[in-house]
Amino acid sequence: GAQGSGGSSVGASASRERGDLVVFDSQPLAEWQWKAIESGDHMVLEKYGHSKCNYDEKSQQMGQPLIACLEKYIFKASTQERDKFLNCLRWLVMKGADPLTEAIDDCRVVISYQKRNDPEDKTKRVPVAGKNTLHVLYDIRDSLPATDSWMEERNRCRRALELFSDRMPVQKGSSATVEVPEKVVAFWETLLEENNGDLEVKLAEGATMKVHSGILKSCSPVFRAMFDHNMQEKQQHSVSLPNINEADFRELMNLVHTGCWSGDEDPPLSRLFDILSVADEYSVDHISELLRERIQDRLNVDTFESILEFAINMSDLELKSACFTLASANVDIKERFAEGHFSQQIRTELRRVFPKLSGSPPPSKRRRHL
(Lines give C-alpha, C1' and ligand atoms only; values in the text may rest on other atoms or scores of the structure.)
Protein backbone atom coordinates (compact mmCIF):
# COMPACT_ATOMS: atom_id res chain seq x y z
CA GLY A 1 0.00 0.00 0.00
CA ALA A 2 0.97 3.66 0.00
CA GLN A 3 3.79 4.33 2.42
CA GLY A 4 3.10 6.88 5.14
CA SER A 5 -0.09 8.54 6.40
CA GLY A 6 -1.22 11.95 7.57
CA GLY A 7 1.54 14.58 7.46
CA SER A 8 1.79 18.10 6.13
CA SER A 9 -0.01 19.33 3.06
CA VAL A 10 0.91 21.87 0.42
CA GLY A 11 -1.60 24.43 -0.79
CA ALA A 12 -4.05 23.12 1.76
CA SER A 13 -6.00 26.37 1.94
CA ALA A 14 -6.18 29.01 -0.74
CA SER A 15 -6.53 32.64 0.31
CA ARG A 16 -7.01 36.08 -1.18
CA GLU A 17 -6.53 39.53 0.30
CA ARG A 18 -9.30 42.10 0.70
CA GLY A 19 -7.75 45.27 2.06
CA ASP A 20 -6.33 44.32 5.45
CA LEU A 21 -8.27 41.05 5.57
CA VAL A 22 -7.23 37.62 4.35
CA VAL A 23 -10.21 35.51 3.30
CA PHE A 24 -9.69 31.74 3.14
CA ASP A 25 -11.47 30.05 0.26
CA SER A 26 -10.94 26.44 1.32
CA GLN A 27 -10.20 24.35 4.37
CA PRO A 28 -7.42 21.74 4.68
CA LEU A 29 -8.47 18.15 5.15
CA ALA A 30 -8.43 16.79 8.69
CA GLU A 31 -6.81 13.44 9.44
CA TRP A 32 -10.21 11.74 9.82
CA GLN A 33 -11.13 12.95 6.32
CA TRP A 34 -8.03 11.35 4.83
CA LYS A 35 -8.99 8.10 6.57
CA ALA A 36 -12.54 8.37 5.22
CA ILE A 37 -11.18 8.90 1.71
CA GLU A 38 -8.96 5.83 2.05
CA SER A 39 -12.06 3.90 3.15
CA GLY A 40 -14.20 5.17 0.28
CA ASP A 41 -16.70 6.69 2.75
CA HIS A 42 -17.87 9.67 0.69
CA MET A 43 -21.27 9.68 2.41
CA VAL A 44 -19.54 10.39 5.73
CA LEU A 45 -17.51 13.16 4.11
CA GLU A 46 -20.66 14.64 2.60
CA LYS A 47 -22.46 14.69 5.95
CA TYR A 48 -19.69 15.84 8.29
CA GLY A 49 -17.07 17.51 6.08
CA HIS A 50 -16.75 21.30 5.87
CA SER A 51 -18.46 22.78 2.80
CA LYS A 52 -15.21 24.52 1.80
CA CYS A 53 -12.85 21.56 2.15
CA ASN A 54 -10.15 21.40 -0.50
CA TYR A 55 -10.50 17.94 -2.05
CA ASP A 56 -7.72 18.77 -4.52
CA GLU A 57 -5.21 19.13 -1.69
CA LYS A 58 -1.56 18.09 -2.09
CA SER A 59 0.00 16.19 0.80
CA GLN A 60 3.62 15.14 1.19
CA GLN A 61 2.59 11.97 3.03
CA MET A 62 -0.71 11.11 1.25
CA GLY A 63 -0.24 12.44 -2.26
CA GLN A 64 -3.74 13.63 -3.17
CA PRO A 65 -7.29 12.53 -2.24
CA LEU A 66 -7.90 10.91 -5.64
CA ILE A 67 -4.62 8.98 -5.48
CA ALA A 68 -5.26 7.85 -1.89
CA CYS A 69 -8.72 6.52 -2.81
CA LEU A 70 -7.52 5.01 -6.10
CA GLU A 71 -4.74 2.97 -4.48
CA LYS A 72 -7.16 1.46 -1.95
CA TYR A 73 -9.75 0.74 -4.63
CA ILE A 74 -7.36 -1.14 -6.91
CA PHE A 75 -5.48 -3.18 -4.31
CA LYS A 76 -7.43 -3.24 -1.04
CA ALA A 77 -11.18 -3.02 -1.66
CA SER A 78 -13.14 -6.26 -1.41
CA THR A 79 -15.50 -7.31 -4.17
CA GLN A 80 -18.42 -5.95 -2.15
CA GLU A 81 -16.69 -2.56 -1.75
CA ARG A 82 -15.77 -1.91 -5.38
CA ASP A 83 -18.78 0.25 -6.23
CA LYS A 84 -18.41 2.21 -3.01
CA PHE A 85 -14.85 3.22 -3.91
CA LEU A 86 -15.82 4.07 -7.50
CA ASN A 87 -18.60 6.28 -6.19
CA CYS A 88 -16.12 7.94 -3.84
CA LEU A 89 -13.76 8.69 -6.75
CA ARG A 90 -16.63 10.21 -8.71
CA TRP A 91 -17.75 12.21 -5.66
CA LEU A 92 -14.24 13.60 -5.16
CA VAL A 93 -14.18 14.81 -8.77
CA MET A 94 -17.58 16.45 -8.27
CA LYS A 95 -16.18 18.19 -5.18
CA GLY A 96 -13.29 19.69 -7.14
CA ALA A 97 -10.59 17.00 -7.13
CA ASP A 98 -8.80 17.29 -10.47
CA PRO A 99 -7.28 14.12 -12.03
CA LEU A 100 -4.69 16.38 -13.69
CA THR A 101 -3.38 18.04 -10.52
CA GLU A 102 0.19 16.89 -9.97
CA ALA A 103 1.51 15.69 -6.62
CA ILE A 104 4.35 17.72 -5.15
CA ASP A 105 7.87 16.82 -6.28
CA ASP A 106 8.94 15.65 -2.79
CA CYS A 107 5.81 13.56 -2.19
CA ARG A 108 6.79 10.46 -0.21
CA VAL A 109 3.98 8.19 -1.38
CA VAL A 110 5.11 5.04 -3.17
CA ILE A 111 2.37 2.56 -4.10
CA SER A 112 3.77 -0.94 -3.64
CA TYR A 113 2.01 -4.24 -4.21
CA GLN A 114 2.54 -7.98 -4.66
CA LYS A 115 0.57 -11.21 -4.41
CA ARG A 116 1.12 -12.46 -0.87
CA ASN A 117 0.10 -16.00 -1.77
CA ASP A 118 2.74 -16.16 -4.52
CA PRO A 119 6.29 -16.39 -3.10
CA GLU A 120 7.77 -15.87 -6.58
CA ASP A 121 5.92 -12.63 -7.19
CA LYS A 122 8.22 -9.66 -6.66
CA THR A 123 7.09 -6.38 -5.14
CA LYS A 124 6.23 -3.69 -7.71
CA ARG A 125 6.51 -0.01 -6.84
CA VAL A 126 4.91 3.06 -8.39
CA PRO A 127 6.18 6.42 -7.06
CA VAL A 128 3.67 9.27 -6.96
CA ALA A 129 5.94 12.36 -6.76
CA GLY A 130 5.32 14.89 -9.52
CA LYS A 131 2.53 12.84 -11.15
CA ASN A 132 -1.18 13.48 -11.58
CA THR A 133 -3.82 10.85 -10.86
CA LEU A 134 -4.14 9.73 -14.49
CA HIS A 135 -0.36 9.33 -14.75
CA VAL A 136 -0.33 7.19 -11.59
CA LEU A 137 -3.25 5.11 -12.85
CA TYR A 138 -1.55 4.41 -16.18
CA ASP A 139 1.72 3.53 -14.39
CA ILE A 140 -0.14 1.05 -12.19
CA ARG A 141 -1.93 -0.48 -15.15
CA ASP A 142 1.30 -0.82 -17.16
CA SER A 143 3.15 -2.38 -14.23
CA LEU A 144 0.54 -5.09 -13.59
CA PRO A 145 1.67 -8.52 -14.81
CA ALA A 146 -0.34 -9.93 -17.73
CA THR A 147 -1.37 -13.05 -15.81
CA ASP A 148 -4.74 -14.40 -14.70
CA SER A 149 -3.94 -13.73 -11.05
CA TRP A 150 -3.83 -9.97 -11.73
CA MET A 151 -6.92 -9.83 -13.96
CA GLU A 152 -9.13 -8.29 -11.22
CA GLU A 153 -6.67 -5.43 -10.65
CA ARG A 154 -6.40 -4.78 -14.40
CA ASN A 155 -10.20 -4.66 -14.65
CA ARG A 156 -10.31 -2.18 -11.78
CA CYS A 157 -7.84 0.05 -13.60
CA ARG A 158 -10.03 -0.11 -16.67
CA ARG A 159 -13.14 0.82 -14.69
CA ALA A 160 -11.32 3.73 -13.04
CA LEU A 161 -10.26 5.04 -16.46
CA GLU A 162 -13.86 4.74 -17.65
CA LEU A 163 -14.97 6.70 -14.61
CA PHE A 164 -12.48 9.51 -15.22
CA SER A 165 -13.69 9.55 -18.83
CA ASP A 166 -17.15 9.84 -17.26
CA ARG A 167 -18.58 6.92 -19.11
CA MET A 168 -19.60 5.05 -15.96
CA PRO A 169 -22.56 6.29 -13.88
CA VAL A 170 -22.49 6.18 -10.10
CA GLN A 171 -24.33 3.08 -8.93
CA LYS A 172 -26.38 4.74 -6.19
CA GLY A 173 -28.67 7.52 -7.35
CA SER A 174 -27.39 7.32 -10.90
CA SER A 175 -29.36 8.19 -14.02
CA ALA A 176 -29.44 4.61 -15.25
CA THR A 177 -31.80 3.94 -18.17
CA VAL A 178 -35.19 2.55 -17.17
CA GLU A 179 -37.86 1.45 -19.64
CA VAL A 180 -41.13 3.34 -19.11
CA PRO A 181 -44.36 2.35 -20.86
CA GLU A 182 -45.40 4.76 -23.61
CA LYS A 183 -48.76 5.38 -21.90
CA VAL A 184 -47.01 6.68 -18.78
CA VAL A 185 -44.92 9.12 -20.81
CA ALA A 186 -48.02 10.20 -22.75
CA PHE A 187 -49.88 10.89 -19.48
CA TRP A 188 -47.19 13.26 -18.22
CA GLU A 189 -46.92 14.93 -21.63
CA THR A 190 -50.66 15.58 -21.56
CA LEU A 191 -50.45 16.96 -18.02
CA LEU A 192 -47.85 19.48 -19.21
CA GLU A 193 -49.58 20.37 -22.46
CA GLU A 194 -52.95 21.06 -20.82
CA ASN A 195 -51.38 24.20 -19.34
CA ASN A 196 -53.84 24.26 -16.42
CA GLY A 197 -51.48 24.18 -13.44
CA ASP A 198 -52.03 26.26 -10.33
CA LEU A 199 -48.89 28.40 -10.88
CA GLU A 200 -48.28 30.98 -13.58
CA VAL A 201 -44.66 31.33 -14.75
CA LYS A 202 -43.82 34.68 -16.34
CA LEU A 203 -41.00 34.31 -18.86
CA ALA A 204 -38.99 36.49 -21.23
CA GLU A 205 -40.77 38.71 -23.79
CA GLY A 206 -44.07 38.53 -21.91
CA ALA A 207 -44.61 34.79 -22.39
CA THR A 208 -46.46 32.85 -19.68
CA MET A 209 -46.91 29.18 -18.88
CA LYS A 210 -49.06 27.32 -16.35
CA VAL A 211 -47.37 24.57 -14.33
CA HIS A 212 -48.14 22.57 -11.22
CA SER A 213 -46.37 24.10 -8.21
CA GLY A 214 -45.98 20.70 -6.53
CA ILE A 215 -43.92 19.39 -9.44
CA LEU A 216 -41.83 22.54 -9.56
CA LYS A 217 -41.14 22.36 -5.81
CA SER A 218 -40.21 18.69 -5.90
CA CYS A 219 -37.61 19.12 -8.65
CA SER A 220 -35.82 22.23 -7.37
CA PRO A 221 -34.82 23.46 -3.88
CA VAL A 222 -34.72 26.98 -5.34
CA PHE A 223 -38.40 26.87 -6.28
CA ARG A 224 -39.27 25.09 -3.05
CA ALA A 225 -37.76 27.95 -1.05
CA MET A 226 -39.93 30.43 -2.92
CA PHE A 227 -43.12 28.71 -1.77
CA ASP A 228 -42.13 27.49 1.67
CA HIS A 229 -41.22 30.86 3.15
CA ASN A 230 -44.28 33.03 2.35
CA MET A 231 -42.50 34.84 -0.45
CA GLN A 232 -44.36 36.96 -2.99
CA GLU A 233 -44.48 33.98 -5.36
CA LYS A 234 -46.50 31.94 -2.85
CA GLN A 235 -48.99 34.72 -2.19
CA GLN A 236 -49.61 35.61 -5.83
CA HIS A 237 -49.41 32.03 -7.23
CA SER A 238 -46.93 33.22 -9.83
CA VAL A 239 -43.20 33.30 -10.37
CA SER A 240 -41.21 35.62 -12.63
CA LEU A 241 -38.29 34.24 -14.64
CA PRO A 242 -37.60 37.11 -17.07
CA ASN A 243 -34.18 35.78 -18.14
CA ILE A 244 -35.55 32.46 -19.47
CA ASN A 245 -37.29 32.20 -22.83
CA GLU A 246 -40.39 30.08 -23.28
CA ALA A 247 -38.76 27.43 -25.48
CA ASP A 248 -36.01 26.70 -22.93
CA PHE A 249 -38.38 26.56 -19.94
CA ARG A 250 -40.87 24.37 -21.80
CA GLU A 251 -38.10 21.95 -22.78
CA LEU A 252 -36.88 21.82 -19.17
CA MET A 253 -40.42 21.09 -17.94
CA ASN A 254 -40.80 18.40 -20.60
CA LEU A 255 -37.65 16.71 -19.29
CA VAL A 256 -38.90 17.01 -15.70
CA HIS A 257 -42.27 15.48 -16.58
CA THR A 258 -41.21 12.73 -18.98
CA GLY A 259 -37.42 12.37 -18.89
CA CYS A 260 -37.55 12.64 -22.69
CA TRP A 261 -36.53 15.29 -25.20
CA SER A 262 -39.40 16.72 -27.25
CA GLY A 263 -39.36 15.86 -30.94
CA ASP A 264 -38.02 12.85 -32.76
CA GLU A 265 -34.53 14.14 -33.59
CA ASP A 266 -31.56 14.51 -31.27
CA PRO A 267 -31.13 18.13 -30.20
CA PRO A 268 -27.99 20.02 -31.27
CA LEU A 269 -25.30 20.60 -28.66
CA SER A 270 -26.25 24.27 -28.43
CA ARG A 271 -29.73 23.31 -27.18
CA LEU A 272 -28.24 20.94 -24.59
CA PHE A 273 -26.02 23.80 -23.42
CA ASP A 274 -29.01 26.16 -23.12
CA ILE A 275 -31.17 23.78 -21.09
CA LEU A 276 -28.27 22.69 -18.86
CA SER A 277 -27.60 26.35 -18.04
CA VAL A 278 -31.22 26.80 -16.90
CA ALA A 279 -31.26 23.52 -14.97
CA ASP A 280 -28.05 24.46 -13.17
CA GLU A 281 -29.27 27.97 -12.36
CA TYR A 282 -32.34 26.59 -10.57
CA SER A 283 -30.67 23.44 -9.15
CA VAL A 284 -32.77 20.91 -11.06
CA ASP A 285 -29.96 18.48 -10.33
CA HIS A 286 -31.32 15.23 -11.79
CA ILE A 287 -31.92 16.93 -15.15
CA SER A 288 -28.49 18.57 -15.02
CA GLU A 289 -26.92 15.14 -14.52
CA LEU A 290 -28.91 13.70 -17.42
CA LEU A 291 -27.88 16.55 -19.74
CA ARG A 292 -24.21 16.30 -18.77
CA GLU A 293 -24.24 12.61 -19.67
CA ARG A 294 -25.78 13.37 -23.07
CA ILE A 295 -23.18 16.07 -23.73
CA GLN A 296 -20.34 13.75 -22.76
CA ASP A 297 -21.77 11.03 -25.01
CA ARG A 298 -21.12 13.43 -27.88
CA LEU A 299 -17.63 14.41 -26.79
CA ASN A 300 -15.10 13.73 -29.55
CA VAL A 301 -12.38 15.55 -31.47
CA ASP A 302 -14.94 17.52 -33.50
CA THR A 303 -17.03 18.68 -30.51
CA PHE A 304 -14.14 19.04 -28.05
CA GLU A 305 -13.62 22.78 -28.50
CA SER A 306 -17.29 23.81 -28.14
CA ILE A 307 -17.87 21.58 -25.10
CA LEU A 308 -14.71 22.76 -23.32
CA GLU A 309 -15.55 26.40 -24.05
CA PHE A 310 -19.02 25.90 -22.52
CA ALA A 311 -17.52 24.09 -19.52
CA ILE A 312 -15.07 26.93 -18.91
CA ASN A 313 -17.75 29.61 -19.12
CA MET A 314 -20.03 27.66 -16.77
CA SER A 315 -17.20 26.61 -14.40
CA ASP A 316 -18.41 23.04 -14.94
CA LEU A 317 -15.71 20.84 -13.40
CA GLU A 318 -17.26 17.58 -14.58
CA LEU A 319 -17.36 18.56 -18.24
CA LYS A 320 -13.89 20.11 -18.02
CA SER A 321 -12.50 16.90 -16.54
CA ALA A 322 -14.04 14.84 -19.35
CA CYS A 323 -12.52 17.19 -21.95
CA PHE A 324 -9.10 17.05 -20.26
CA THR A 325 -9.21 13.25 -20.20
CA LEU A 326 -9.94 13.17 -23.93
CA ALA A 327 -7.23 15.74 -24.68
CA SER A 328 -4.55 13.89 -22.71
CA ALA A 329 -5.15 10.73 -24.75
CA ASN A 330 -5.71 12.28 -28.19
CA VAL A 331 -2.81 12.98 -30.54
CA ASP A 332 -4.82 15.29 -32.82
CA ILE A 333 -5.75 17.64 -29.97
CA LYS A 334 -2.16 17.66 -28.73
CA GLU A 335 -0.84 18.53 -32.18
CA ARG A 336 -3.42 21.29 -32.66
CA PHE A 337 -2.40 22.77 -29.31
CA ALA A 338 1.31 22.62 -30.21
CA GLU A 339 0.59 24.35 -33.52
CA GLY A 340 -1.13 27.27 -31.80
CA HIS A 341 -4.77 26.43 -32.53
CA PHE A 342 -7.73 26.98 -30.14
CA SER A 343 -8.84 30.21 -28.49
CA GLN A 344 -6.73 31.82 -25.78
CA GLN A 345 -9.29 30.80 -23.17
CA ILE A 346 -9.02 27.14 -24.13
CA ARG A 347 -5.25 27.26 -24.54
CA THR A 348 -4.91 28.58 -20.99
CA GLU A 349 -6.81 25.54 -19.68
CA LEU A 350 -4.97 23.06 -21.90
CA ARG A 351 -1.58 24.14 -20.54
CA ARG A 352 -2.52 22.04 -17.49
CA VAL A 353 -2.85 19.01 -19.77
CA PHE A 354 0.26 19.73 -21.85
CA PRO A 355 2.60 21.56 -19.42
CA LYS A 356 5.73 20.64 -21.39
CA LEU A 357 4.48 22.16 -24.64
CA SER A 358 4.93 25.87 -25.19
CA GLY A 359 1.76 25.95 -27.20
CA SER A 360 3.23 28.65 -29.42
CA PRO A 361 3.40 28.19 -33.20
CA PRO A 362 6.87 28.29 -34.74
CA PRO A 363 8.01 31.84 -35.55
CA SER A 364 7.68 32.86 -39.17
CA LYS A 365 10.86 33.40 -41.13
CA ARG A 366 11.95 36.99 -41.63
CA ARG A 367 12.31 38.14 -45.18
CA ARG A 368 15.21 40.31 -46.13
CA HIS A 369 14.48 43.09 -48.53
CA LEU A 370 17.24 44.03 -50.96
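Here are four short exercises on a predicted model, each with a worked solution.

**Exercise 1. Two loop asparagines**

Work out where Asn 54 and Asn 300 sit, and decide for each whether the residue is buried, partly exposed or exposed.

*Solution.*
- Step 1: start with the location. Asn 54 belongs to the loop that links helix 2 (42–48) with strand 4 (58–59). Asn 300 is found in the loop between helix 13 (285–297) and helix 14 (304–314).
- Step 2: bring in the cut-offs. Buried means under 20% relative accessible area, and exposed means over 50%, with partly exposed in between.
- Step 3: apply them. Asn 54 has a relative accessible area of 15%, so this residue is buried. Asn 300 comes out at 33%, so we call that one partly exposed.

**Exercise 2. What the asparagine side chains reach**

Find which backbone nitrogens lie by a polar side-chain atom of Asn 54 and of Asn 300, then look for what Asn 300 faces further along the chain.

*Solution.*
- Step 1: take Asn 54. A polar atom of its side chain is 3.0 Å from the backbone nitrogen of Asp 56.
- Step 2: go on to Asn 300. The backbone nitrogen of Asp 302 is 2.9 Å from a polar atom of the Asn 300 side chain. For the backbone nitrogen of Thr 303, the distance to a polar atom of that side chain is 2.9 Å.
- Step 3: check against the limit. A polar contact needs a pair of N or O atoms within 3.5 Å.
- Step 4: look along the chain. Cys 323 is 23 residues away from Asn 300 in sequence, and their C-alpha atoms are 8.7 Å apart.

**Exercise 3. A nonpolar patch**

Which residues make a nonpolar patch with Tyr 48 on the surface, and is Tyr 48 buried or exposed?

*Solution.*
- Step 1: place the residue. Tyr 48 is part of helix 2.
- Step 2: get its accessibility. With a relative accessible area of 56%, Tyr 48 is exposed.
- Step 3: add the partners. Trp 32 and Val 44 join Tyr 48 in the patch, and together the three have about 320 Å² of accessible area.

**Exercise 4. A three-stranded sheet**

Lay out the sheet that holds strands 8, 7 and 9, and say why strand 8 and strand 9 count as its edges.

*Solution.*
- Step 1: write the order. The three strands run 8-7-9 in an open sheet with mixed pairing.
- Step 2: find the edges. Strand 8 (208–211) and strand 9 (238–240) each have a single partner strand, so each has one side with no neighbour in the sheet.
- Step 3: add the twist. On average, neighbouring strands here are turned by 20° against each other, direction ignored.
- Step 4: zoom in on one pair. Strand 7 (residues 199–202) and strand 8 run antiparallel and are joined by four bridges. Val 201 has Met 209 in strand 8 as its bridge partner.

Conventions. Residues numbered from 1 in each chain as written. Predicted model: local features only at pLDDT ≥ 70, side-chain atom pairs only at ≥ 80, totals over all residues. Heavy atoms only, no water. Buried < 20%, exposed > 50% of the residue type's maximum accessible area, 1.4 Å probe, protein only. Polar contact = N/O pair within 3.5 Å; in protein donor to acceptor, adjacent residues only side chain to side chain. Patch = residues over 30% accessible without salt bridge, like charges linked within 9 Å, V, L, I, M, F, W, Y side chains within 5 Å. Areas by Shrake-Rupley, 256 points an atom, 1.4 Å probe, with all protein chains shown as cover. Salt bridge = Lys/Arg side-chain N within 4 Å of Asp/Glu carboxyl O. Pairing = 2+ DSSP bridges. Axes fitted to C-alpha atoms, helices over the stretch in contact; angles between N-to-C directions.
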